[in-house]
Amino acid sequence: MTDLAAVKAALKTQAVETPSWAYGNSGTRFKVFAQQGVPRSAKEKLDDAAQVHAMTGAAPTVALHIPWDRVDDYADLAGHAEKRGLKLGAINSNTFQDDDYRLGSICHPDAAVRRKAVGHLLECVDIMDATGSRDLKLWFADGTNYPGQDDIRARQDRLAEGLAEVYARLGEGQRMLLEYKLFEPSFYTTDVPDWGTAYAHCLKLGPQAQVVVDTGHHAPGTNIEFIVATLLRDGKLGGFDFNSRFYADDDLMVGAADPFQLFRIMCEVVGGGGFTSEVAFMLDQCHNIEAKIPAIIRSVMNVQEATAKALLVDREALTQAQLSGDVLGANAVLMDAYNTDVRPLLREVREETGLDPDPVAAYARSGWAEKIAAERVGGQQAGWGA
């Protein structure tokens with residue numbers, strides 16, 4: 001039997017990091033639809049993030065993206081976050097939006113471009129020092145489009161060299177989290193295309209380098225929970241970028257495309273000890289046609305629901321069925337947990353912590369959407385165009 005009190009206690013400790021860029025205008029490669037009340041500065045992004053945390057009680061940190069969130073005084077920004085009941089989370093680098101990076105960044109054949117890219121990554125570590133952030137999150141768009149365009153092995157050597165220099169700059173307690181993506185924008189070779197490539201580089205770098213699993217960055221049919229279980233087993237799962245995708249792009253709300261997959265992933269996280277370890281649960285989403293803050297609140301709730309179901313798995317009964325070779329029995333244990341309506345349980349958890357049981361409805365009643373639409377007039381909205 002599952003201990004409901006223990007499940008509740010675990011759920012009360014869960015934290016999901018929200019991304020600063022999700023509060024700004026962002027979307028597909030074709031069109032970004034601007035919305036009213038969108039933040040015009042990093043501080044206004046934090047103000048919106050504070051609303052998500054206030055409604056859910058489970059989003060205490062905000063990831064920054066450099067240069068999108070570049071400011072003159074990062075200690076001041078961290079202080080602003082603290083006043084809003086938040087902390088600054090992972091620092092995300094950007095080596096894909098500069099003309100110099102047309103042929104790559106730290107894998108570029110030109111040493112001067114590589115130097116520029118590594119310099120940016122070192123700047124991000126400086127920002128981590130100023131903000132008190134633990135994690136440097138790296139995603140590279142590096143790769144090639146045509147056979148023969150560049151030397152595949154040489155690019156891996158350049159990647160290793162650049163990562164090693166940045167890794168050496170990390171301070172005590174800081175981590176380098178390396179993300180991978182199957183393809184896009186490089187269609188022949190991608191320099192970090194899969195978990196194996198990321199894992200190999202992290203293994204060589206050392207214990208402060210770990211892999212990020214973005215749930216939208218896989219080929220159709222990929223068993224993501226196997227990847228999660230393997231990385232957890234070897235102590236190399238640094239965190240998640242939670243999102244969903246139906247075809248190729250990956251910026252939809254987590255749990256939208258396949259909630260059962262999210263449940264299976266969280267089952268491995270819970271079973272492998274990842275829920276109580278240093279694994280970071282982060283969102284990486286772009287809200288283009290839906291209202292941003294409610295979408296982020298709903299995303300946090302989706303993660304909570306998948307986690308609650310994973311925590312409800314009767315591990316003793318599951319193990320007994322597995323060891324006895326009871327195939328259908330073992331599957332039934334898992335499905336019983338997945339088919340449980342955990343919304344009443346999560347409402348109880350919220351009420352016990354002084355929160356409204358319905359975060360989405362609470363936000364709608366708060367008046368924040370109307371307030372920012374009226375006040376955030378003029379200036380330059382945060383975000384990127386397409």
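**Strand β4 and helix α1 in a predicted model**

Visitor: Are the residues on the two faces of strand β4 (residues 135-138) buried or exposed?
Guide: On one side of β4 stand D135 and K137, and on the other L136 and L138. Buried means under 20% relative accessible area, exposed over 50%, and partly exposed in between, with a 1.4 Å probe and protein chains only. Strands (E, at least two residues) and helices (H or I, at least four) are DSSP runs, numbered from the N terminus. Both faces of β4 are covered, and these four residues are all buried.

Visitor: On what kind of model does this rest?
Guide: Residues are numbered from 1 along each chain as its sequence is written, and side-chain values use heavy atoms, leaving out hydrogens and water. Local features need pLDDT of at least 70, side-chain atom pairs count only at pLDDT 80 or more, and totals for chains, interfaces and linings use all residues, for this model is predicted.

Visitor: Which residue of β6 stands opposite L136?
Guide: Two strands pair if DSSP finds at least two bridges between them. Strand β6 (residues 175-179) pairs with β4 in the parallel sense over four bridges. Opposite L136 in β6 is M176.

Visitor: Why do the buried residues of helix α1 line one face?
Guide: In α1 (residues 4-13), the buried residues are V7, K8, A10 and L11. Seen down the helix axis, they line one face because they fall within an arc, taken from the directions from the axis to the C-beta atoms, of 165 degrees.

Visitor: Which residues are exposed on the other side of α1?
Guide: The buried residues of α1 include V7 and L11. On the other side of the helix, the exposed residues are A5 and T13.
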